[in-house]
Amino acid sequence: MVAAPWVALTFRFTPGWPWPESSWGLDPLYGPDGWCHSCGTPLHEQTGSLVLQSRKFPTGPVWVPNWRFNCVGVSAEVAAEVVRRFDVPMREVLKPRGVATGAMQLLPAVCATPWYEEGPLEAAVHDRHQRYDGERIGATCPECQRWRWLPISEGEVPIKRDSLNASGDLLASHEIFGDGWRTFRHLVFRRPLGEFLADAAPRVWSVVELELA
Ligand SMILES: [Zn+2]
């Protein structure tokens, strides 16, 4: 089998805590009106910086903080290499009161059309969740009306090749996954970027091979 041009990444722990805790870090990222106050899902593209608390600020080369699992951060050294070699926009990561950190966040481009065929996606979600959730596979938020699938991971269902059509080396799924306050999109990295990031922090990150349909 030929290796797919895209990979996903998994991480073993999440260092650092978004600020302010009252919005799980969402206010600085999307503005006070830019995220659903019922389910926590962003309502538009990111408009501001990721702000992390000074205490336990992540020091590793590549990381994802607690709560905001679509925020991939890199150290200044790794960011310099990303700028040189890859096509992915970045935004500075701050500490409270606008304090600079040198760390940068990689910004995924959200794809405009679904990544997954509904049948296989439904089956995978059902398999994963039926023990605790019975027949429930997701829900429409009563406040923002967005449908969220119960969480599964990248690599569990083949991704439609043609749907990976946004520009850049880091893409986010059209589909939203989550339950309660946990809400996220799937992320895929163009293989050279994904392998570069995993190699930069091999004790934390692993490459997940994907099947494209
Ligand atoms: Zn909502």
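Two strands are taken to pair if DSSP finds at least two bridges between them. With that in hand, the sheet in this predicted model is easy to lay out: four strands form an open sheet, running in the order β2-β3-β5-β4, and the pairing is antiparallel. The edges belong to β2 and β4 (90-95), and each of these has a single partner strand, so one side of each goes without a neighbour in the sheet. At the β2 edge, β2 and β3 meet that pairing cut-off with two bridges, in the antiparallel sense. Here Val 62 sits opposite Val 74, a residue of β3.

Stepping back to the whole chain, the protein has four helices and 11 strands. Its radius of gyration comes out at 17 Å, close to the 17 Å that the globule rule gives for 213 residues, so the chain is as compact as a globular protein of that length. Along the principal axes, the C-alpha atoms fill a box of roughly 45 × 45 × 30 Å. Of the 213 residues, 36% are buried. As for how the chain contacts itself, take the contacts with a separation of 6 or more: 68% of them are between residues 24 or more positions apart.

A few backbone details deserve a look. Most residues other than glycine have a negative phi, and most peptide bonds are trans. Against that background, the peptide bond from Trp 19 to Pro 20 stands out as cis, with omega near -10 degrees. Pro 20 itself lies in the loop that runs between β1 (6-11) and α1 (26-30).

Two non-glycine residues turn up with a positive phi, and both are in loops. Lys 56 is not a glycine, yet its phi is positive, at about 60 degrees. This lysine belongs to the loop between α1 and β2 (62-63). Lys 56 counts as exposed because it has 12 C-beta neighbours inside 10 Å, and a residue with 12 or fewer falls in that class.

Trp 67 is the other case, with a positive phi near 70 degrees in a residue other than glycine. This tryptophan is found in the loop between β2 and β3 (72-74), the two strands that pair over two bridges. Is Trp 67 buried or exposed? The count for Trp 67 is 20 C-beta neighbours inside 10 Å, and the cut-off for burial is 20 or more, so Trp 67 counts as buried.

Notes:
Residues are numbered from 1 along each chain as its sequence is written. This is a predicted model: local features need pLDDT of at least 70, side-chain atom pairs count only at pLDDT 80 or more; totals for chains, interfaces and linings use all residues. The radius of gyration is taken over C-alpha atoms; the globule rule is 2.2 Å times the number of residues to the power 0.38. Two residues are in contact if their C-beta atoms, placed from the backbone, lie within 7 Å.
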